[in-house]
Amino acid sequence: MSESNPPPQNLQSVQEPDLQATHAGSGEFLIHFWGVRGSIPAPGAETVRYGGNTSCVEMRIGGKRLIFDGGTGLRVLGRELLKHMPVEAYMLFTHSHWDHIQGFPFFTPAFIPGNCFHIYGAIAPNGATMKQRLSDQMLHPNFPVPIQVMQSDLKFYDLTPGDVVNLDDITIETGSLNHPNTAMGYRITWQGRTAVYATDTEHFADHLDENLLHLARGADLLIYDACYTDQEYHDVKTPKVGWGHSTWQAGVEVAKAAGVKRIAMFHHDPTHDDDFLDQVGEELKAVFPAGLLAREGMILQL
Ligand SMILES: [Zn+2]
Ligand SMILES: [Zn+2]
């Protein structure tokens with residue numbers, strides 16, 4: 001990716017990673033964006049540079065592989081993982097809206113014996129576990145192949161907001177986000193470095209979200225739901241208030257209040273084409289130089 005401003009110390013963008021080397025472990029904390037779009041895939045000539053696949057972010061941390069959400073970007077990640085089998089990965093879902101789970105039935109490594117996936121998610125307000133919801137989307141008449149056909153070892157774990165998951169020396173804190181039927185935010189810390197994945201969350205009109213501030217406190221990187229601009233959010237004819245998403249301007253406020261070093265705007269609205277997002281990126285840099293817009297294929301190193 002090209003950036004006009006130099007990245008802050010100890011956080012660089014990486015153009016062409018050596019995936020094989022990072023798979024081997026070492027001291028690396030890499031964040032790889034496989035899908036950055038919100039709501040629905042938006043392929044086409046006008047979204048080539050930022051990408052059209054929906055939410056999926058991979059973190060490779062000290063030899064472990066964490067996958068956040070299973071939007072259509074997960075299908076593309078799955079093709080990459082076929083080169084690294086047998087695969088063991090930790091999949092953490094924010095919630096089960098389509099744009100966060102639709103890649104799962106097309107995640108090829110899950111069908112292959114010998115691979116293992118630890119799958120985490122909160123229980124929905126109606127009581128449904130993540131296992132139930134991932135299974136349900138693969139039932140007739142919505143999909144021809146049930147989850148039981150997946151031959152990898154799928155292990156499911158139910159989360160409650162506030163739970164802390166420890167994967168050896170990786171600490172994952174969780175917190176509830178402000179979204180219809182709620183979503184789960186994740187704070188991942190390893191060797192003094194922290195990345196936060198907080199998407200599908202709406203800011204409040206009169207105060208900052210305390211859950212979000214707590215998750216984001218002092219983070220090296222915050223991945224944030226910047227689906228709209230403030231102008232779109234407050235548009236008189238078609239306001240987006242109450243839709244469960246935020247704006248890049250509200251993200252900047254959170255980043256400043258929480259002492260976040262860098263923010264990656266994520267979950268781009270499907271109507272936002274490359275030129276529009278370029279413009280947003282420029283406006284963002286003007287008020288928060290350490291801000292960037294997530295792009296499909298982009299890799300950051302903490
Ligand atoms: Zn979403
Ligand atoms: Zn959602």
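**Salt bridges and two zinc ions**

Visitor: What makes the meeting of arginine 49 and aspartate 278 a salt bridge?

Guide: Welcome! This is a predicted model, and in it the side chains of arginine 49 and aspartate 278 meet with 2.8 Å from N to O. A salt bridge needs a side-chain nitrogen of Lys or Arg within 4 Å of a carboxyl oxygen of Asp or Glu, so the pair at 2.8 Å counts as one.

Visitor: Why is this pair said to tie together parts of the chain?

Guide: Arginine 49 sits in the loop between S2 and S3, and aspartate 278 belongs to helix H8, so the pair joins parts that are 229 residues apart in sequence.

Visitor: What else forms a salt bridge with arginine 49?

Guide: Aspartate 275 does, with the closest N and O atoms 3.2 Å apart. That pair also links distant parts of the chain, 226 residues apart, with aspartate 275 in helix H8 (residues 274-287). Together, Arg49, Asp275 and Asp278 are linked in a network of salt bridges.

Visitor: Why is aspartate 275 called exposed, and what is arginine 49 called?

Guide: Exposed means over 50% relative accessible area, and buried means under 20%. Aspartate 275 has 55%, so the word exposed fits. Arginine 49, at 37%, falls in between and is therefore partly exposed. Aspartate 278 is partly exposed too, because its value is 25%.

Visitor: How do you know that lysine 261 and aspartate 220 form a salt bridge?

Guide: Their closest N and O atoms are 3.5 Å apart, which is within the 4 Å cut-off, so the pair qualifies. Lysine 261 lies in the loop between helix H7 (248-258) and strand S13 (263-266), while aspartate 220 lies in the loop between H5 and strand S12 (221-225), so parts 41 residues apart in sequence are tied together. Lysine 261 is partly exposed at 45%, whereas aspartate 220 is buried at 8%. A search of the whole structure finds 10 salt bridges.

Visitor: Let us turn to the metals. Which residues are the protein donors of the zinc ion (ligand 2)?

Guide: They are His95, His97, His179 and Asp200, lying 2.1 to 2.4 Å from the ion. Donors must be within 2.8 Å of this metal, so these distances pass.

Visitor: Why is the arrangement around the zinc ion (ligand 2) called irregular?

Guide: Its 4 donor atoms subtend angles of 90 to 173°. Tetrahedral would need all angles between 85 and 135 degrees, so 173° rules that out. Square planar would need opposite donors over 155 degrees apart and all others between 65 and 115. The arrangement counts as irregular.

Visitor: What are the donors and angles of the zinc ion (ligand 1)?

Guide: The donors are Asp99, His100, Asp200 and His267, lying 2.0 to 2.2 Å from the ion. The angles run from 90 to 166°, and this site is irregular. An angle of 166° is outside the tetrahedral range, which ends at 135 degrees, so that name cannot apply.

Visitor: Which residue bridges the zinc ion (ligand 1) and the zinc ion (ligand 2)?

Guide: Aspartate 200 bridges the two ions, which lie 3.6 Å apart. Aspartate 200 is in the loop between S11 and H5 and histidine 267 in the loop between S13 and H8, so this pair ties together parts 67 residues apart in sequence.

Visitor: Is aspartate 200 buried or exposed?

Guide: Buried: its relative accessible area is 1%, so it falls under the 20% limit. Histidine 267 is buried as well, but histidine 97 is partly exposed at 31%.

Technical notes. Residues numbered from 1 in each chain as written. Chains lettered and ligands numbered in written order. Predicted model: local features only at pLDDT ≥ 70, side-chain atom pairs only at ≥ 80, totals over all residues. Heavy atoms only, no water. Donors = N, O, S within 2.8 Å, 3.2 Å for Na, K, Ca; no water. Tetrahedral: all angles 85-135°; square planar, octahedral: opposite > 155°, others 65-115°. Buried < 20%, exposed > 50% of the residue type's maximum accessible area, 1.4 Å probe, protein only. Helix = DSSP H or I, 4+ residues; strand = E, 2+ residues; numbered from the N terminus.
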